[in-house]
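Colleague: I am new to this structure. Could you walk me through the model?

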Amino acid sequence: MPKKVYISNTTELGEVYSKAELMDIYDFCKAHDMYLFIDGARIAAALASDKCDYTMKDLTKMCDIFYLGGTKAGFLFGEALVIVNDDLKKDVLKLIKQKGAMLAKGFISGLMWERVFSEEDFYLKGSRHAYLMAKLLAEGLEKKGYQLNPAFESNQIFLDLDNDKLKLWQNLAKFEIVDSFDTCHRIRLVTTFRTKKSDVEGFLEEIE
């Protein structure tokens, strides 16, 4: 029988789980003797979103295990694993070694995370900037008549372009083509801690 439920926050489509949704999933898991694991590669993007109605501390009450992504939050590398459920803590260090996941110079990652948590909200600083740049971009696109699908919630923006607009946009910015359907293409735009306001405004001026 399955034992673990796995979710990503934000989702692959940039959507942010609400507190009520996470609690419903976790309650279901506990009722069926299952564990809830939250993939936190983009958790900083979720926590930085205006839609997010919980804190990092709240996460410890809504799952059994999660991790805080560092790379996509603008840090050097690595993740911080947070094991909430005491039943999952037994022999975890031995298992890490057995699976070949022990970082040789792990103290470097430790130093980075020590700095991250030495200042309140430092972890979300870059992601909050990325969110604000994405919000500026999303609002600008909607004013020009583009429909975002799904609706804007985090630093990932999805929309459809026809062939002509796709060629134009490819000369203006780098983005991922998620899928293609004859004359229609689904693309993903992503903002980061390095995205400048002038870049967003310049891009919006150039597109049709």
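Modeller: Let us begin with a term. A pocket here is an open set of grid points with protein on both sides within 12 Å along at least five of seven lines. Keep in mind that this is a predicted model.

Colleague: How much space lies in the largest pocket?
Modeller: The lining residues number 22. Among them, Glu-79, Ala-80, Leu-81, Ile-96 and Ala-101 are the closest to the pocket's centre. The space in this largest pocket is about 710 Å³.

Colleague: Which strands and helices each supply at least two residues of that lining?
Modeller: Two strands and two helices qualify. The strands are β3 (65-69) and β4 (79-83). The helices are α4 (92-98) and α5 (106-116).

Colleague: How many residues of the lining are nonpolar?
Modeller: Take the other classes before that one. Three lining residues are charged and four are polar. The nonpolar ones number 15.

Colleague: In what order do the strands of the four-stranded sheet lie?
Modeller: This sheet is open, and its pairing is mixed. Its edge strands, each paired on one side only, are β1 and β4. Neighbouring strands are turned by 15° against each other on average, direction ignored. The order is β1-β2-β3-β4.

Colleague: Which residue of β2 stands opposite Lys-4?
Modeller: Strand β1 covers residues 4-8, and β2 covers residues 35-39. Five bridges pair these two strands in the parallel sense. Opposite Lys-4 stands Tyr-35.

Colleague: Which residue of β3 stands opposite Phe-37?
Modeller: β2 and β3 run parallel, joined by two bridges. Across from Phe-37 is Ile-65.

Colleague: What is the handedness of the β-α-β unit made by β1, α1 and β2?
Modeller: Helix α1 spans residues 19-31. α1 lies across β1 and β2, at about 145° to β2. The unit of β1, α1 and β2 is right-handed.

Colleague: Where is Thr-10, in terms of strands and helices?
Modeller: Thr-10 is joined to Asn-9 by a cis peptide bond, with omega of about 5°. The place of Thr-10 is the loop between β1 and α1.

Colleague: Which residue is joined to Asn-149 by a cis peptide bond?
Modeller: Look in the loop between α6 and β5. Omega for the bond is about 5°. The partner of Asn-149 is Pro-150.

Colleague: What is the phi of Asp-91?
Modeller: Asp-91 sits in the loop between β4 and α4. Asp-91 is not a glycine, yet its phi is positive. The value is about 60°.

Colleague: What is the strand order in the three-stranded sheet?
Modeller: This open sheet has antiparallel pairing. β5 (156-162) and β6 (176-181) are its edge strands, each pairing on one side only. Neighbouring strands are turned by 20° against each other on average, direction ignored. The order is β5-β7-β6.

Colleague: Which residue in β7 is opposite Ser-180?
Modeller: β7 takes in residues 184-190. β6 and β7 pair over five bridges, in the antiparallel sense. Ser-180 stands opposite His-185.

Colleague: Which helix packs on the sheet and touches β5, β6 and β7?
Modeller: Two helices deserve a look. Helix α6 (residues 125-143) lies across β5 and β7, at about 30° to β5. The helix that touches β5, β6 and β7 covers residues 163-170, and its direction makes about 125° with that of β5. That helix is α7.

Technical notes:
Residues numbered from 1 in each chain as written. Predicted model: local features only at pLDDT ≥ 70, side-chain atom pairs only at ≥ 80, totals over all residues. Heavy atoms only, no water. Pairing = 2+ DSSP bridges. Axes fitted to C-alpha atoms, helices over the stretch in contact; angles between N-to-C directions. Contact = heavy atoms within 4.5 Å. 1 Å grid on protein atoms, 1.4 Å probe; cavity = no way out; pocket = protein on both sides within 12 Å on 5 of 7 lines; lining within 4 Å. Points joined across faces, edges and corners; volume = space filled by probe spheres on them. Nonpolar A, V, L, I, M, F, W, Y, C, P; charged D, E, K, R; others polar. Right-handed = clockwise from strand over helix to strand, strands pointing away.
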